[in-house]
Amino acid sequence: MPGCLFCPIVADTVPAFKVVDSPDGIGFLDIRPVFKGHVLVVPRPHVAQLTDLPAELLPGFFALVQRVAAAVPAALGSQGTFVAMNNVVSQSVPHLHAHVVPRTKGDGLRGFFWPRHTYASDDEARSYAGRIAAALG
């Protein structure tokens with residue numbers, strides 16, 4: 001895809017610090033890591049967001065993300081990982097990618113990067129749950 005920063009990495013025409021290269025996708029180090037060892041996992045086809053990934057590619061892609069999430073602590077000695085994905089909002093590169101960030105208790109990352117909001121009541125929470133459930137069919 002012209003203009004996509006990740007497609008040339010997938011095509012192996014731009015160098016990257018790859019950690020995995022498989023039929024299901026590519027994993028490479030983020031050049032602006034939250035912590036050293038922060039990996040981006042991308043599917044081979046150019047799709048902008050999770051909702052665009054064909055259903056038949058989901059199992060392989062998420063199995064690859066799972067493998068990377070297991071490998072990061074084993075390789076780096078972290079206690080776990082934070083796995084995240086943005087869709088459109090806060091997505092700096094419009095090519096689907098999962099962040100796999102090494103985490104260790106006391107590493108300084110608190111909560112997440114946005115404020116938390118509570119529901120005013122159980123009724124309000126039920127309303128949100130019901131609207132999402134209805135959209136799912």
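Let's start in strand 2 (residues 25-29), which is where Leu29 sits; helices (H or I, at least four residues) and strands (E, at least two) are DSSP runs, numbered from the N terminus. This is a predicted model, where local features need pLDDT of at least 70, side-chain atom pairs count only at pLDDT 80 or more, and totals for chains, interfaces and linings use all residues. Residues are numbered from 1 along each chain as its sequence is written, and side-chain values use heavy atoms, leaving out hydrogens and water.

Leu29 counts as partly exposed because its relative accessibility is 33%, between the cut-offs for buried (under 20%) and exposed (over 50%), with a 1.4 Å probe and protein chains only.

Now for the sheet. It's an open one, with five strands in the order 1-2-3-5-4 and antiparallel pairing; two strands pair if DSSP finds at least two bridges between them. Strand 1 (18-22) and strand 4 (80-84) are at the edges with a single partner strand each, so one side of each has no neighbour in the sheet. On average, neighbouring strands are turned by 20° against each other, direction ignored, using axes fitted to C-alpha atoms (for helices, over the stretch in contact) and angles from 0 to 180 degrees between N-to-C directions.

Look next at strand 3 (residues 39-42) and strand 5 (residues 98-103): they run antiparallel, joined by three bridges. Val41 has Ala98 in strand 5 as its bridge partner. Helix 2 (residues 58-76) packs on this sheet, touching strand 1, strand 2, strand 3, strand 4 and strand 5, where contact means heavy atoms within 4.5 Å. The direction of helix 2 makes about 20° with that of strand 5.
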